[in-house]
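Here are my comments on the model you sent. They are numbered so that you can reply point by point.

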Amino acid sequence: MFRLWAKIWKDTHLIKDTVIENDASDMSRTQKILSALDQVCYDFDLSRPIWLDANIRDFKKHDKTRFSSDNFIEGIDFDYLEIHVIEED
């Protein structure tokens with residue numbers, strides 16, 4: 001089971017969160033992460049964020065990263081979107 005926890009933060013307060021689960025064994029880890037991120041963006045009605053080098057580095061090191069306004073083409077009304085892998089196969 002693969003689970004990704006997504007949280008939207010504004011002014012140090014948790015505004016929204018969701019957990020996306022994926023138990024497909026035929027997908028790679030990267031495919032599961034991108035699929036879960038797509039689902040998060042759909043659920044939160046957001047455009048898909050752009051992965052910058054800092055996001056990739058943080059995600060590889062800590063299994064989590066934050067997407068701020070620099071990562072979105074459209075404006076956002078929160079401080080950042082944080083994703084965190086909380087369970088892997």
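**Notes on the predicted model**

1. I begin with E87, which is partly exposed at 33% relative accessibility. The model is a predicted one, and the comments below should be read as such. E87 forms a salt bridge with R3, with 3.3 Å between the closest N and O atoms. Since E87 belongs to strand β4 and R3 to strand β1, the pair ties together parts that are 84 residues apart in sequence. R3 is also partly exposed, at 27% relative accessibility. The two residues are linked with E21 in a network of salt bridges.

2. The structure holds seven salt bridges. Another of these joins R29 to D63, whose closest N and O atoms are 2.6 Å apart. R29 lies in helix α1 and D63 in the loop between α2 and β3, so this pair ties together parts 34 residues apart in sequence. Both ends are partly exposed: R29 has 33% relative accessibility, and D63 has 26%.

3. R48 and D38 form a salt bridge as well, at 3.1 Å between the closest N and O atoms. R48 sits in the loop between α1 and α2, and D38 sits in helix α1, ten residues apart. R48 is partly exposed at 42% relative accessibility, and D38 is partly exposed at 35%.

4. Helix α1 covers residues 29–44, which is 16 residues, and its first and last C-alpha atoms are 22 Å apart, close to the 22 Å expected. Its buried residues are K32, I33, A36, L37, V40, C41 and F44; please note that a lysine is in that list. The cover over these residues includes strands β1, β2, β3 and β4 and helix α2.

5. Which residues of the largest nonpolar core touch the most other members? They are L4, V40, F44, L46, L81 and I83, out of 19 residues in that core. β1, α1 and β4 each supply at least two residues, and the largest share, six residues, comes from α1. Leaving out residues up to four places away in sequence, F44 touches A6, I8, K16, D17, T18 and L81.

6. Two residues other than glycine deserve a look for their backbone angles. D45 comes just after α1, in the loop between α1 and α2, and has a positive phi near 55 degrees. With a relative accessible area of 71%, D45 is exposed. D11, in the loop between β1 and β2, has a positive phi near 50 degrees. D11 is exposed too, at 52% relative accessibility.

7. Is N55, in helix α2, buried or exposed? N55 counts as buried because its relative accessibility is 5%, and the cut-off for buried is under 20%. Its side chain makes a polar contact of 2.8 Å with the side chain of N71. Beyond its neighbours within four places in sequence, N55 is in contact with I50, T65, R66, F67 and N71.

8. Two of those contacts, T65 and F67, belong to strand β3, where they point to one face and are buried. K64 and R66 point to the other face and are not buried. β3 and β4 run antiparallel and are joined by four bridges, with R66 standing opposite E82 in β4.

Note on methods: Residues are numbered from 1 along each chain as its sequence is written. This is a predicted model: local features need pLDDT of at least 70, side-chain atom pairs count only at pLDDT 80 or more; totals for chains, interfaces and linings use all residues. Side-chain values use heavy atoms; hydrogens and water are left out. The expected span of a helix is 1.5 Å times one less than its number of residues. Buried means under 20% relative accessible area, exposed over 50%, partly exposed in between (1.4 Å probe, protein chains only). Contact means heavy atoms within 4.5 Å. A polar contact is a pair of N or O atoms within 3.5 Å; within protein, one must be able to donate a hydrogen and the other to accept it, and residues adjacent in sequence count only if both atoms are side-chain atoms. A nonpolar core is a set of buried Ala, Val, Leu, Ile, Met, Phe, Trp, Tyr and Cys residues joined through side-chain atoms within 4.5 Å. Two strands pair if DSSP finds at least two bridges between them. A salt bridge is a side-chain nitrogen of Lys or Arg within 4 Å of a carboxyl oxygen of Asp or Glu.
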